[in-house]
Amino acid sequence: MYKSVIPLIFGTDESYILPTGVTISSILNNSSNTTFYDIYILTSDDCENKCREVYVPLLDRYKNFDMNYIKMNDRIFDNANVTNPHVRIPTYYRLLSAEILPQYDRCICLDSDLLVYQDLTELFQIELGENYIAGVKAWDDQQPTVMNQRHMLADGLSSMDQYIYLGVLVMNLKQIRQDKMTSIFLEHMNKGYRSDDQDVFNVCCYNRISFL
């Protein structure tokens, strides 16, 4: 009997299929037997079949999860500005999380370069109040350097003291929908921010961020 259901979102393309599978495997391997994970793989048409093929062993090994594949319309992201060579368009997919998961009030979004060593229930249940997102403060972005000052000014922020990483992100989907934030996220997607969608979230959610 599962006590909690946790929706997880991953955005991937062909180059990140295997790392995403490793991250998911680590989650399932270290989860409580009372937790069920509802996993959503956001990907493009030409990548879905490859994902299904690679993740078959997970379905054979673990029973406490469901794997859902959402085909994304990449035309929505034609104007997404990618400035970092290690970043790919699927990182922007999570901007649409609140619309993709209308049945959930919150979700966890994880990057594909993580290993998870414990059940995610405590993380999922963090107090969010009316804040939109929760993440870990980006220590390096908060140092008083010239580069960070330029980053702050370019983003139009009054301070970097709330700036978070997006590698581990809890999203308050209900509040995002209530305040119609998804359209605002998409408006900021093509502004050429230095840190891509990480800047989009930090700029749009400023003063509405909880800290992990």
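This note covers the nonpolar cores and one helix pair of a predicted model.

1. Residues are numbered from 1 along each chain as its sequence is written. Local features need pLDDT of at least 70 and side-chain atom pairs count only at pLDDT 80 or more, while totals for chains, interfaces and linings use all residues, and side-chain values use heavy atoms, without hydrogens or water.

2. The largest nonpolar core (buried Ala, Val, Leu, Ile, Met, Phe, Trp, Tyr and Cys residues joined through side-chain atoms within 4.5 Å; buried is under 20% relative accessible area, 1.4 Å probe, protein chains only) has 39 residues. Those touching the most other members are F77, L101, I133, L169, M171, F185 and F201.

3. At least two residues of this core come from each of β2 (35–43), α3 (97–100), β4 (107–110), β6 (168–171), α6 (173–178), α7 (181–188) and α8 (196–204). Helices are DSSP runs of H or I, at least four residues, and strands runs of E, at least two. The largest share, 4 residues, is from α8. A separate core of 28 residues includes L8, Y37, I39 and I126.

4. Leaving out residues up to four places away in sequence, I133 is in contact (heavy atoms within 4.5 Å) with L128, I164, L169, V170, M171, F201, C205, R208, I209 and S210.

5. The axes of α7 and α8, lines fitted to C-alpha atoms over the stretch in contact, come within 9 Å and cross at roughly 130°. That makes α7 oblique to α8.

6. In this pair, M181, I184, F185 and H188 of α7 meet V200, F201, V203 and C204 of α8. The contact residues divide into 7 nonpolar, 1 polar and no charged.

Conventions
Buried means under 20% relative accessible area, exposed over 50%, partly exposed in between (1.4 Å probe, protein chains only). Axes are lines fitted to C-alpha atoms, for helices over the stretch in contact, and angles run from 0 to 180 degrees between N-to-C directions. Angles under 35 degrees count as roughly parallel, over 145 as roughly antiparallel, 65 to 115 as roughly perpendicular and the rest as oblique. Ala, Val, Leu, Ile, Met, Phe, Trp, Tyr, Cys and Pro count as nonpolar, Asp, Glu, Lys and Arg as charged, and the others, Gly among them, as polar.
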